[in-house]
Amino acid sequence: MRKVLFFLLALISLTASAGRRGIKRDYQYLPHEYRYRLTLTDKANNPYSVKHPEQFLSQKSIERRQRMGLAVDEYDLPITPSYLKKIRATGAHIFNCSKWNNTVQVSLNDTTDSTLGKLRSLPFVSNVELVYVAPDSVMIDNDSDRLELITNNLRTREAADSVYGFSQGQANQLNLPALHSLGFRGEGMTIAVIDGGFYNVDAISAFNQNHILGTRNFTRPGTSVYAEHSHGMMVLSCIAPNKPQSIIGTAPEANFYLLESEDTWFEYRGEEDNWCAAIEYADSLGVDVVTSSLGYTHYDEPKYKLHYHWLDGKHELNSRSASLAASRGILVCNSAGNEGDESWKKIGFPADASDILTVGAVNAEGVNTAFSSIGYSADGRIKPDCMAQGGRTTVLGIDGEISNANGTSFSCPVMAGAVTCLLQAFPGKRPTDIIDAIHRAGNNFEHPDEIFGYGIPDMMKAYEILKK
């Protein structure tokens, strides 16, 4: 099983020998299920109106648009309810929707079911695409045993000598403590973390539960996001902790929504639909920033092949949604990917999106890591946009102890927290304004390239640029 979840590279070597170390693996058998993406023709006969956004957006979401001078438009309108009613009337189960893309993901038990023919014949359905086929079974590792092993192997034992503790280096690299010293530590800001599971976040003392505003699982609805995988927990630990002399995240006073969109069991095209549903949900709640350490370059089904020339920010569903989120006033940060030393090499989807920050990884010395995915986008834009520490990043293990991890999964949230503080200082600035300042504050701004992008930004320099 090849996952394109940008997980810590250390996990790869550890799980390779998992059988020898006695880690238990369980097989879970799955029922027959097929999911299809329905693309709809329009939003006709819609009872909602852009003149009354309070009917489908939170007040905070509306205020964000108003603050940035952004209008509510037809992309914001919910999918026409009568269309959803007619889809359900065929016998199909609606798994999720994307109003921005006007798509509906439905679940069926059989490809020969007459329901599929009924769906294809609906006059408002322009395309039907298979995006998920359940395998007969999946192998599930014992997550707690596996990640305890990682913690024991990677725990940092050196003494901390500053208020930032073991996270001092990754904060210093961005000159972030200087911005924090001005009082910009994320207070009043809301970040949505879209990931693959947040195991033990509700039990680790470094996470202030009062700052967790809500959770939602878009992969297995009804299952707690705290019950499955720990990747999202490690991502969150780059931003949220506030334990002086131990670990301080890059936006330690921010609030968070924890949204699970990634299926860590196997890779399939429908995960893009899950991601789109998650970011639209985040928008409806009024979040300021989204950090996503997810991306797609391969699927387990060989016939669903992704291509380099699709990396234009427009082809794939989740890439379009990332750019649309930016046009709604959300600052989106996405991992560049860990394919730099693999056969694919380049960024994935939605890292190719326009008007987002695609974040690559450097080590503590500021040298790009070999695994960090490279650009450019297919239409020639500079990607990655910027770099942060993703080599031996300080994170938390599932027991709450200090660990180190490698991956753009971690450079991305390090940067996301930093730009959240910058946005706190300039709440009226649009995402494109913040991104431009990050570019200009980068140490590679004079000669950006496909490996380093605009480089490592100095957050105080970005602050001064935005003050002008």
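1. Let's start with the secondary structure. This predicted model contains 14 helices and 17 strands. There are 468 residues in the protein, and buried ones make up 62% of them. Contacts that link distant parts of the chain matter for reading the fold: among contacts with a separation of 6 or more, 80% are between residues 24 or more positions apart.

2. Before going into detail, have a look at the confidence. The average pLDDT is 90, and 88% of the residues score at least 70. Two stretches call for care. Residues 1-24 have a pLDDT below 50, although the model gives this stretch 74 contacts beyond near neighbours in sequence. Residues 142-159 also stay under 50, with 45 contacts beyond four places in sequence. Where pLDDT is low, the predicted coordinates should not be read in detail. So please treat the contacts of these stretches with caution.

3. Now for the interior. In soluble globular proteins, nonpolar side chains tend to be buried together. Here the largest nonpolar core has 67 residues, and Phe256 and Leu422 have the most contacts inside it. Which helix gives this core its largest share? That is helix 12, residues 408-425, with 11 residues. Apart from this core lies another one, of 52 residues, including Val104, Val128, Ile279 and Ala336.

4. Leu422 is a good residue to click on. Setting aside residues up to four places away in sequence, Leu422 touches Leu179, Ile434, Ile438, Met459, Ala462, Tyr463 and Leu466. You can pick these partners out one by one in the viewer.

5. Next, try Ala251, in the loop between strand 10 and strand 11 (255-260). Is Ala251 buried or exposed? Its relative accessible area is 0%, so Ala251 counts as buried. Beyond four places in sequence, Ala251 touches Arg185, Gly186, Ile191, Ile239, Ala240, Phe256, Gly417, Thr420 and Cys421. One of these partners, Ile191, is 60 residues away in sequence, while the C-alpha atoms of the pair are 9.4 Å apart in space. Phe256, another partner of Ala251, was named above for its contacts inside the largest core.

6. Strand 4 (residues 103-108) holds two residues that you can compare for yourself. Thr103 is found in this strand, and it counts as buried because its relative accessibility is 3%, under the 20% cut-off. Leaving aside neighbours within four places, Thr103 is in contact with Arg37, Leu38, Thr39, Ile79, Cys97, Ser98 and Leu317. Leu108 also has its place in strand 4, and its relative accessibility of 4% makes it buried too. The partners of Leu108 beyond four places in sequence are His32, Glu33, Tyr34, Tyr36, Ala92, Thr115, Leu116 and Leu119. Between the C-alpha atoms of Leu108 and Phe95, which are 13 residues apart along the chain, the separation is 9.9 Å.

7. There is also empty space to explore. Rolling a probe the size of a water molecule over the atoms shows where empty space is left. The second largest pocket has a volume of about 480 Å³. It is lined by 18 residues, and the closest to its centre are Pro78, Ile79, Cys97, Lys99 and Glu280. Helix 4 (81-89), strand 3 (93-98) and helix 10 (270-285) are the elements that give two or more residues to this lining. What classes of residue make up the lining of the second largest pocket? There are 11 nonpolar, four polar and three charged residues. Ile79 and Cys97, from the list of residues closest to the centre, are also contacts of Thr103.

8. Finally, a few backbone details are worth checking. The peptide bond from Gly375 to Tyr376 is cis, with omega near -5°, and Tyr376 sits in the loop between strand 14 (357-362) and strand 15 (386-389). Another cis peptide bond joins Lys383 and Pro384, with omega about -5°; Pro384 is in the loop between strand 14 and strand 15.

9. Two residues other than glycine have a positive phi that you may like to find. Gln245 has phi near 65° and lies in the loop between strand 9 (242-243) and strand 10 (247-248). With a relative accessibility of 48%, Gln245 counts as partly exposed. Lys345 has a positive phi of about 75° and lies in the loop between strand 13 (331-335) and strand 14. Lys345 is partly exposed as well, because its relative accessible area is 41%.

Conventions. Residues are numbered from 1 along each chain as its sequence is written. Side-chain values use heavy atoms; hydrogens and water are left out. On a 1 Å grid over the protein atoms alone, a cavity is a set of points where a 1.4 Å probe fits but cannot get out, and a pocket is an open set with protein on both sides within 12 Å along at least five of seven lines; lining residues have an atom within 4 Å of a point. Grid points are joined across faces, edges and corners, and a volume is the space filled by probe spheres set on the points. Helices (H or I, at least four residues) and strands (E, at least two) are DSSP runs, numbered from the N terminus. Ala, Val, Leu, Ile, Met, Phe, Trp, Tyr, Cys and Pro count as nonpolar, Asp, Glu, Lys and Arg as charged, and the others, Gly among them, as polar. A nonpolar core is a set of buried Ala, Val, Leu, Ile, Met, Phe, Trp, Tyr and Cys residues joined through side-chain atoms within 4.5 Å. Buried means under 20% relative accessible area, exposed over 50%, partly exposed in between (1.4 Å probe, protein chains only). Contact means heavy atoms within 4.5 Å. pLDDT is the predictor's confidence in each residue, from 0 to 100.
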